[in-house]
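This briefing sets out selected features of the model shown below. The points are grouped by topic.

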Amino acid sequence: MREPTPWDRVFDLVISATGDTVYMVGIATLLAALGGIPLGIVLHMTSPTGLSPRRITHRVLGAVVDVGRSLPFVVLLVVLSAFTRALVQTTIGPTAVIVPLTVGAVPFVARLVESALREVNVAVVEAAITTGASRLRLVRSVLLREAGPALVAAIGVTAVTLIGYSAMAGVIGGGGLGDLAIRHGYQRNDERILLASVLVLGGLAWLTQLTSDFIARTIDRRRSALRV
Amino acid sequence: MITVENLTKSFPGKGEHVLALDGVSLSVPAGTVCGVVGPSGAGKSTLARCVALLERPDRGSIRVEGVDLVALRGRELRDARRRIGVVPQGDSLLRQRTAAGNVALPLESAGVAAPARRARVAELLDLVGLTNKAGSYPDQLSGGQRQRVAVARALAASPSVLLADEPTSALDPETTGSVLAVLDRVRSELGVTVLVVTHDMAVVRRICDDVAVLEGGRVVEHGKVLDLLTQPGSRITASLLPEVDQAGTTPREIGQYDVVAEVVLVGFAAVGALLPEAAHRHDVELAILGGGLTRLGETPVARFKIGINGERSERALSWLAERDAVIRRAPRDIGGLAA
Ligand SMILES: Nc1ncnc2c1ncn2[C@@H]1O[C@H](COP(=O)(O)OP(=O)(O)O)[C@@H](O)[C@H]1O
Ligand SMILES: [Mg+2]
């Protein structure tokens, strides 16, 4: 039986791994939002009840998005390794993991955004149309603003999901808390590290959800009378 | 001025198409208020949505100030929309924007600069009496206040025409009054031509100059409210006039009279003085058995059930008819049959 890792060493390892996880998930969420939000807007706009119905475009995009969403993350990790190497010159470490994380999250975000936009009251959009608003203005000032809280919630859910995915990247040595938990904690049977990294991982997810809920509530002007 | 000609619109339904509008023609003179009434599913909203350029008709023309709007597309369509103010059916305010923000939307669409926009928004909120609610969000406003914001928004870009689809359907009678007062001001102070869809005859009584009755996608009646009131066989007369209840009069009491009739009186002079004068001139006993008084806009209108006793009862009745009272004879035994 080995000596257990001293707590200050555990602390250092967990801090450094947390930094890696926040970096991976943060960048991947940002990129997924940058790719997924426009894609979600296009999905909504081209839908039969959208502002520019295009049946074929909608079907094709929808199919691509759903296939993307159905691929298990572990498969993406492997399948995308060549693409990842071409993009970031490595297939291990946090930076490499960002690539499959982003690719996996873009279709996820797109569907969430589409359904958030679909929830915007049709009468509200039509009222805006009758003011002679251009399509760009309808999207920016009406759809995105009215769906604002739902969009924030969608990004929050995505970040939390990516925290989970990023932990899976531990199996291929992706770095971060999941990697720490699997390689130091589980494989070397180090209970302290396992416990600490899993706790921090859960705390991180919880904190992310809390933050996204808070932001969504803060920007939401509905039922604000109740909070006065 | 709105002119709708031969407007036809169908929707794909299960199996056959639903013909929502079947050759509707309608003209609303500049600066007047026209009500569109009719049963649910008659096509009222479809008509309003076509004129609002939200729905493209299959056939027919829609002209506002003489310009046909049906064929417009792209930028021209958006510019035309700006000249038509619309208060859509149901809650239509942006819930994430304040009252002022909602009213500002058409001005943003029109590219009005911020300072001019603020001044115009203040002006409009004043018009609808909501200056102190500028910073409130829709969820902090009552139903009537929300509708008034919607009216202010519809008027922001100074349209010559205002469409309102059931603007009072979700409101109680009191708040209905506040919304109607605003629509009335819109016509009288801004000279805007108003088309208002409603199923509430109180709306027609209060603010409409003209009324069109839609049924199964067709206009079955159209004219000045005051004219339709006295027109025999009109379908909406009954619903515009006060009920003739016979509270407190038994069939036996009705049976005492030589002549029993329903009279419709229009105008201040007629309502006030015609019946007593008829009694006096012909030396008959004239009693009001039921009915009541209402107002069409500013014009008092009455419908009474009267009983007349005396030798010259018939003369008294024809004298009333000569003075533009609308008389409908009630067969005397109807009361008896009903009892
Ligand atoms: N978008 C639509 N798709 C299919 N049918 C419609 C649509 N809009 C209206 N209709 C049909 O057209 C008819 C008239 O509807 P509408 O104009 O809403 O009536 P109203 O406003 O008088 O109650 C109804 O039979 C309705 O079901
Ligand atoms: Mg309707």
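In this predicted model, strands β12(B) and β13(B) run antiparallel and are joined by 11 bridges. Within that pairing, A287(B) has G307(B) of β13(B) as its bridge partner. The hairpin formed by β12(B) and β13(B) has 2 residues between the strands, and G297(B) adopts a positive phi near 60 degrees there. The points below place this hairpin in its sheet, then turn to the domains of chain B, the contact between the chains, and the annotated spans of chain A.

**The sheet of chain B**

- The hairpin strands belong to an open sheet of 4 strands in chain B, ordered β12-β13-β11-β14, with antiparallel pairing.
- Strands β12 (285-296) and β14 (326-329) of chain B are the edge strands, each of them pairing on one side only.
- On average, and with direction ignored, neighbouring strands of this sheet are turned by 20 degrees against each other.
- Strand β13 (residues 299-309) of chain B also pairs with strand β11 (residues 259-266) of chain B, in the antiparallel sense and over 8 bridges.
- One of the bridge partnerships here links V264(B) to R303(B), the latter lying in β13(B).
- Helix α11 (residues 268-282) of chain B packs on the sheet and touches β11, β12 and β13 of chain B. The direction of helix α11 of chain B makes about 15 degrees with that of β13(B).

**Two domains in chain B**

- Chain B is divided into domain 1 (2-238) and domain 2 (242-329).
- The C-alpha centres of domain 1 and domain 2 of chain B are 38 Å apart.
- Contact between the two involves 7 residues of domain 1 of chain B and 9 residues of domain 2 of chain B.
- About 730 Å² is buried between domain 1 and domain 2 of chain B, and carbon and sulfur atoms give 69% of this area.
- R205(B), L226(B) and L229(B) supply 60% of the area that domain 1 of chain B buries against domain 2 of chain B, more than any other three residues.
- The count of salt bridges between domain 1 and domain 2 of chain B is 0.

**The interface between chains A and B**

- In this interface, 26 residues of chain A are in contact with 25 residues of chain B.
- The area buried between chain A and chain B is about 2,200 Å², with carbon and sulfur atoms giving 56%.
- On the chain A side, T130(A), T131(A) and R221(A) lose the most area to chain B, and together they account for 26% of what that side buries.
- Chain A and chain B have 2 salt bridges between them.
- In a salt bridge, the side chain of R137(A) meets that of E108(B) at 3.9 Å, N to O.

**Annotated spans of chain A**

- An unreviewed UniProt entry assigns the annotation "domain: ABC transmembrane type-1" to residues 18-216 of chain A.
- Across residues 18-216 of chain A, the chain is 81% helix and 0% strand, and the end C-alpha atoms lie 25 Å apart.
- The unreviewed UniProt entry also places the feature "transmembrane region" at residues 22-43, 63-83, 95-113, 150-173 and 193-216 of chain A.
- Residues 63-83 of chain A are 86% helix and 0% strand, with end C-alpha atoms 22 Å apart.
- Residues 150-173 of chain A are 79% helix and 0% strand, with end C-alpha atoms 34 Å apart.

Note on methods
Residues are numbered from 1 along each chain as its sequence is written. Chains are lettered from A and ligands numbered from 1 in the order in which they are written. This is a predicted model: local features need pLDDT of at least 70, side-chain atom pairs count only at pLDDT 80 or more; totals for chains, interfaces and linings use all residues. Side-chain values use heavy atoms; hydrogens and water are left out. UniProt positions are given in the numbering used here, feature names are shortened, and annotations may be inferred rather than shown by experiment. Two strands pair if DSSP finds at least two bridges between them. Axes are lines fitted to C-alpha atoms, for helices over the stretch in contact, and angles run from 0 to 180 degrees between N-to-C directions. Contact means heavy atoms within 4.5 Å. Domain bounds come from an automatic or database domain assignment. Buried area is the accessible area (1.4 Å probe) that two parts lose on being put together, summed over both. A salt bridge is a side-chain nitrogen of Lys or Arg within 4 Å of a carboxyl oxygen of Asp or Glu.
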